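Q: Could you show me how to read a protein interface and a ligand site from a structure?

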Amino acid sequence: MDTQDLAINTEVAALLQGMPRDRSQLLPALWRVVDRYQELTPGVIDAVSQSLNIPYAEVYGVASFYTLFDNAPGKVPVHICTDVMCALQGAGSLQEAAEDAALGRPVAVRESACLGQCDHAPAAWIGSQVMRRATPEAVRAAVKAVGHE
Amino acid sequence: MNEVRRLLPDLRSASGPASPERLAERGFDQALTKAWAMSSQAIIDEVTASGIKGRGGAAFPTGLKWSSVNKAEGQTKYVVMNADESELGTFKDRVLLEEDPLGALVGLLIAAHAVGARKAFCYIRGEYREVEQMLAKAIDTLTQLGWAGPGRIDVEIRRGAGAYIAGEETALFNSIEGKRPEPRVKPPFPTNKGLWGSPTLIQNVETLANVAILFAHDAQWFAEYGTKATAGTKLVALSGHIQRPGVYEVPFGMALADILNAPDLGGGVAGSGRLRAVLLGGAAGTFLSPDEVAQSQLDYASLGAFGASIGSGAVMVFDDTVDLQWVLTKLARFFADESCGQCVPCRIGTQRIWEIAEKGGLWTRTEDLRELGQAMRDASICGLGQTAPLALLSILDRPGLRQDV
Ligand SMILES: Cc1cc2nc3c(=O)[nH]c(=O)nc-3n(C[C@H](O)[C@H](O)[C@H](O)COP(=O)(O)O)c2cc1C
Ligand code: SF4
């Protein structure tokens with residue numbers, strides 16, 4: 001184990017401290033580490049596996065099922081709803097604006113299925129905040145603000 | 001006035017949605033006190049008498065489900081609130097939890113009390129982070145007042161992480177247990193073997209909110225709105241080409257046309273102002289033509305006559321500029337993405353339908369599509385595969401909606 005792995009292991013163990021070492025804690029545990037690291041690298045998965053005493057393959061199998069855990073390395077995901085209702089209200093231009101603003105920034109623009117905000121379409125979801133009746137300008141500003149808040 | 005506010009709180013209410021004041025104002029503290037003084041059987045009889053049916057899509061009689069869980073053998077039992085709400089065009093549980101999170105929670109506690117569960121889960125989709133905070137506040141309030149908490153009924157929030165299939169009840173159990181959220185083969189049914197193999201009662205948010213208002217009043221009050229067949233009110237979520245998109249509470253039996261057009265409800269068709277079709281019930285719903293919309297009421301029998309169902313309460317409105325092939329292609333892609341892949345008819349079927357849609361074959365390869373659809377309905381393990389072709393089939397059955405052929 002190299003020093004970087006060791007550091008991650010220690011950090012993850014601290015993050016998950018107090019959680020019962022129980023299989024049913026896997027999803028909450030994954031959320032804790034994703035909120036901290038964004039990306040579930042093999043090192044992070046291994047650390048979770050050791051902390052909760054669940055085989056690596058099992059942790060990987062569960063984590064890889066969920067879209068919200070599938071984040072690009074070092075990038076904050078910005079979700080643009082491009083599902084039917086938001087597409088009718090101009091989601092396409094939000095996506096373009098977000099992709100344009102994301103160039104050269106630590107941001108990954110992702111298409112999302114229905115975010116459940118159809119009464120305020122088009123919607124985007126950035127950080128843990130939903131943007132309702134989003135405009136290209138607002139999305140551009142939000143993408144540029146990532147990492148500065 | 002067509003809009004009712006019973007499940008949704010009075011707009012004039014100034015109390016915080018998760019506050020003890022709100023609990024009292026809504027009569028929910030009395031509902032809890034009343035239920036706690038009743039036997040399991042009496043509670044279940046009251047739910048049965050109200051006629052409440054599940055609001056998560058399948059409309060299963062709620063009293064019957066409670067009775068099954070109550071009778072099921074098992075020391076440990078669980079109750080679950082399903083707030084995964086990831087169905088296309090569906091956002092009524094979100095609005096309900098934003099405006100009145102205590103209602104659904106009170107329903108959940110009454111459910112737990114009735115079936116003898118000491119542990120309750122609220123499973124909420126990962127994209128509803130702000131709603132989750134509201135829910136957590138409401139749980140705090142109920143804990144401080146001594147209704148919830150360790151030693152009473154322990155209520156735990158579980159956050160999903162972006163998997164539509166996790167809303168299916170058995171997949172949701174696997175998700176809570178820390179496994180891949182893949183549906184289980186039924187039977188056994190959750191009422192006998194749910195979470196960790198124990199009898200489990202799982203209900204939609206809106207179903208539980210109905211229970212809370214029922215116990216805050218009584219079955220007679222409950223039936224003041226609605227039809228003979230279906231008492232009470234329903235939340236509908238209007239979206240798309242509609243003047244006033246949003247969630248509205250309406251009595252069962254209301255004409256669909258009124259829901260779309262009444263000034264205090266939908267306010268009329270937006271966009272071009274000319275209706276092409278309504279997609280009712282979500283991605284696996286039914287398309288209704290303008291004529292059918294004009295003839296139907298919001299009730300299970302009236303809609304059943306058109307092969308439609310209320311489903312999740314989604315009412316998606318499309319004006320006559322919308323290419324329904326485009327809509328179907330999006331739906332097809334959604335199901336292909338979200339199929340968990342466990343069973344072949346669903347995995348292959350959703351993929352094939354998407355391919356056919358992408359190649360523009362939806363209006364021409366109708367025989368192939370019908371065959372695929374039938375195989376999926378017959379041989380898929382869960383509701384996703386069984387219902388994924390429904391919206392498409394509903395259009396094949398309505399050639400009039402295929403404007404461009
Ligand atoms: C693919 C799929 C997704 C589902 N998603 C949800 C959901 O998000 N919320 C929900 O309440 N029910 C959902 N259901 C229905 C549940 O399996 C279950 O029937 C429901 O939670 C029971 O509650 P009810 O009787 O109160 O409606 C889904 C079903 C399927 C097949
Ligand atoms: S029908 Fe589809 S989603 Fe359901 S279990 Fe089978 S493959 Fe998975």
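The dialogue below takes up the interface and then the ligand.

A: This is a predicted model, in which local features need pLDDT of at least 70 and side-chain atom pairs count only at pLDDT 80 or more, while totals for chains, interfaces and linings use all residues. Residues are numbered from 1 along each chain as its sequence is written, chains are lettered from A and ligands numbered from 1 in the order in which they are written, and side-chain values use heavy atoms, with hydrogens and water left out.

Q: How many residues does each chain bring to the contact?

A: Contact means heavy atoms within 4.5 Å; here chain A brings 37 residues and chain B 47 residues.

Q: How many salt bridges cross the interface of chain A and chain B?

A: A salt bridge is a side-chain nitrogen of Lys or Arg within 4 Å of a carboxyl oxygen of Asp or Glu, and the rule finds five across this interface. One of them joins Arg159(B) to Asp35(A), with the closest N and O atoms 3.9 Å apart.

Q: Which side chains make polar contacts with oxygen atoms of ligand 1?

A: A polar contact is a pair of N or O atoms within 3.5 Å; within protein, one must be able to donate a hydrogen and the other to accept it, and residues adjacent in sequence count only if both atoms are side-chain atoms. An N or O atom in the side chain of Gln203(B) lies 2.8 Å from an oxygen atom of ligand 1, and for the side chain of Lys65(B) the distance is 3.1 Å. A polar backbone atom of Gly167(B) is 3.4 Å from a nitrogen atom of ligand 1.
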